[in-house]
Amino acid sequence: GTISLSSADTSPGSGLATLIYDWNDPSMNSSASFTNGQTINGPSDGSHTLYLKATDVAGNETTWSGSYKQDRSNPVVSGTDSNLNWRTEVVSGVTLSTADDSSGSGLYESRYYFGGNSDSNAAKTGTPFVDGYRININSQGVNYLHIYAKDNSGRESSIWTGTYKIDTVHPLASADKDDGDWYTADIEDITLSATDPISGLS
């Protein structure tokens with residue numbers, strides 16, 4: 001955006017002689033001149049101070065300063081070890097990451113949530129964490145991890161979703177007619193059975 005600069009010398013004053021402005025330097029060593037009503041571009045992202053100084057013909061000076069904070073970058077979140085393949089052991093040490101641009105307003109909150117694939121918005125009210133926090137995932141089946149962050153300016157991250165498929169349970173296999181008795185005729189029609197309650201039989 002743009003900022004409008006204004007200055008005046010009230011009658012019956014001697015009138016304005018010089019008008020200068022500078023960003024972030026109260027000594028105004030790198031100042032630029034401006035005219036009354038001139039607009040200038042706003043600062044880069046971050047917290048900045050604008051300094052103005054007006055001098056009239058008689059040599060009287062006045063200074064003004066104002067604070068400007070701008071944040072146009074969203075926070076970024078992620079997790080490690082997401083994988084669509086089935087695993088036969090628990091997932092240890094999943095690292096949660098959250099960050100805001102160095103010139104941004106800084107992180108306000110970061111949260112995570114375990115749920116279904118469609119439960120991503122629940123991360124906004126999930127469990128708080130700090131950058132680098134590590135968790136273990138040991139629930140059987142398909143686990144979805146959702147991560148979210150918001151910064152101090154109210155900007156929100158995209159919700160990151162990771163998939164963790166865990167099956168540490170062995171399949172079951174059996175056959176009937178295995179009662180240990182002797183048969184005096186051919187053993188026929190033995191039924192074979194197999195099940196897997198988690199990932200399914202391959």
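How far does the backbone nitrogen of glycine 59 lie from a polar atom of the side chain of aspartate 56? In this predicted model, the distance between the backbone nitrogen of glycine 59 and a polar atom of the aspartate 56 side chain is 2.9 Å.

**Aspartate 56 and its surroundings**

Aspartate 56 belongs to strand β5, which covers residues 46–56. A polar atom of the aspartate 56 side chain also lies 3.1 Å from the backbone nitrogen of alanine 58, in addition to the 2.9 Å approach to the backbone nitrogen of glycine 59. Although aspartate 56 is buried, it has no salt bridge, and the nearest side chain of opposite charge, that of lysine 53, is 12 Å away. When neighbours within four places in sequence are left aside, aspartate 56 is in contact with Asp9, Ser14, Gly15, Leu16 and Ala17.

**Threonine 62 and leucine 5**

Threonine 62 is found in strand β6, residues 61–70, and with a relative accessible area of 48% it is partly exposed. Apart from neighbours within four places in sequence, threonine 62 is in contact with Leu52, Lys53 and Ala54. The C-alpha atom of threonine 62 is separated by 9.8 Å from that of serine 7, a residue 55 residues apart from it along the chain.

Leucine 5 sits in the loop between β1 (2–4) and β2 (16–23). Is leucine 5 buried or exposed? Because its relative accessible area is 2%, leucine 5 counts as buried. Not counting residues up to four places away in sequence, leucine 5 touches Tyr21, Phe34, Thr35, Asn36, Gly37, Gln38, Ile40, Leu50 and Leu52. The C-alpha atoms of leucine 5 and threonine 195, which are 190 residues apart along the chain, are separated by 77 Å.

**Salt bridges**

Side chains of opposite charge can pair when their charged atoms come close. The count of salt bridges in this model comes to four, and the table gives some of them.

| Partners | N to O distance |
|---|---|
| Arginine 72 and aspartate 45 | 2.7 Å |
| Glutamate 109 and arginine 111 | 2.9 Å |
| Lysine 150 and glutamate 109 | 4.0 Å |

In one of these salt bridges, the side chains of arginine 72 and aspartate 45 meet at 2.7 Å, N to O. Arginine 72 lies in the loop between β6 and β7 (76–79), while aspartate 45 lies in the loop between β4 (39–41) and β5, so this pair ties together parts that are 27 residues apart in sequence. The two partners can also be described by their accessibility: arginine 72 is exposed, with a relative accessible area of 53%, whereas aspartate 45 counts as buried at 12% relative accessibility.

Glutamate 109 has a salt bridge with arginine 111, at 2.9 Å from N to O, and another with lysine 150, where the closest N and O atoms are 4.0 Å apart. The pair of lysine 150 and glutamate 109 links distant parts of the chain, with lysine 150 in strand β13 (residues 141–151) and glutamate 109 in strand β10 (residues 107–115), 41 residues apart. Through salt bridges that share partners, Glu109, Arg111 and Lys150 are joined into one network. Within this network, glutamate 109 is buried, with a relative accessible area of 17%, and lysine 150 counts as partly exposed at 24% relative accessibility.

**The loop between β15 and β16**

The loop between β15 (172–175) and β16 (192–195) contains tyrosine 183, which is partly exposed, with a relative accessible area of 36%. Together with Ile187, Ile190 and Leu192, Tyr183 forms a nonpolar patch on the surface, and these residues have about 410 Å² of accessible area together.

Most residues other than glycine have a negative phi. Lysine 177, however, has a positive phi near 60 degrees, and it is placed in the loop between β15 and β16, where it counts as partly exposed at 38% relative accessibility. Aspartate 189 also has a positive phi, near 55 degrees; its place is in the loop between β15 and β16, and at 65% relative accessibility it counts as exposed.

Conventions: Residues numbered from 1 in each chain as written. Predicted model: local features only at pLDDT ≥ 70, side-chain atom pairs only at ≥ 80, totals over all residues. Heavy atoms only, no water. Patch = residues over 30% accessible without salt bridge, like charges linked within 9 Å, V, L, I, M, F, W, Y side chains within 5 Å. Areas by Shrake-Rupley, 256 points an atom, 1.4 Å probe, with all protein chains shown as cover. Helix = DSSP H or I, 4+ residues; strand = E, 2+ residues; numbered from the N terminus. Buried < 20%, exposed > 50% of the residue type's maximum accessible area, 1.4 Å probe, protein only. Lys, Arg positive; Asp, Glu negative; His and termini not counted. Polar contact = N/O pair within 3.5 Å; in protein donor to acceptor, adjacent residues only side chain to side chain. Contact = heavy atoms within 4.5 Å.
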